[in-house]
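Let's take a walk through this model together, starting with the overall fold and ending with a few side chains.

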Amino acid sequence: MGAGAEAEAEKHGTENEKPSPNSITVTQFLSWKRQKDADESARKAEAARKRAEDIAAGTVQMNGRELFLHEPWVFDDTRL
């Protein structure tokens, strides 16, 4: 019984070591991740640039943070 169990475990062990057809290496994953992060940051930068242009043109309403950064005198209570 012991020899049969060892052979069965050995058989399953070799099956788990075979790479699947869709497996990737660590290097491939890191390359993909860097590309994905670069695309994401480029997309966010483009959205921020467009938002800044729209605010400057007056086509979109500023939120509170943007108003505070662009027109801080609106929040100045010292003149009262």
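From one end of the sequence to the other, the chain reads α-α-α. That amounts to three helices and zero strands. Do keep in mind as you look around that this is a predicted model.

Next, consider the surface. The chain has 80 residues, and 2% of them count as buried. Its accessible surface is about 7400 Å², with 57% belonging to carbon and sulfur atoms.

Now let's turn to helix 2, which covers residues 26-57 and includes Asp54. Asp54 has a relative accessibility of 24%, so this residue counts as partly exposed, given that buried would require under 20%. If you set aside its neighbours within four places in sequence, Asp54 is in contact with Thr59 and Val60.

The aromatic rings make a good next stop, with two aromatic pairs to look at. One of them joins Phe29 and Trp32, whose ring centres are 5.6 Å apart with 40° between the planes, a tilted arrangement. Phe29 and Trp32 are three residues apart in helix 2, so about one helical turn separates them. As for exposure, Phe29 is partly exposed at 39% relative accessible area, and Trp32 is partly exposed too, at 46%.

Phe68 and Phe75 also pair, with ring centres 5.5 Å apart. Why is this pair edge-to-face? The planes of Phe68 and Phe75 meet at 65°, and over 60 degrees counts as edge-to-face. Phe68 is partly exposed at 45% relative accessibility, and Phe75 is partly exposed at 40%.

Key
Residues are numbered from 1 along each chain as its sequence is written. This is a predicted model: local features need pLDDT of at least 70, side-chain atom pairs count only at pLDDT 80 or more; totals for chains, interfaces and linings use all residues. Side-chain values use heavy atoms; hydrogens and water are left out. Helices (H or I, at least four residues) and strands (E, at least two) are DSSP runs, numbered from the N terminus. Buried means under 20% relative accessible area, exposed over 50%, partly exposed in between (1.4 Å probe, protein chains only). Accessible areas come from the Shrake-Rupley method with a 1.4 Å probe; for residues, only the protein chains shown count as cover. Contact means heavy atoms within 4.5 Å. Rings of Phe, Tyr and Trp (its six-membered ring) pair if their centres lie within 6.5 Å; planes under 30 degrees apart count as stacked, over 60 as edge-to-face and the rest as tilted.
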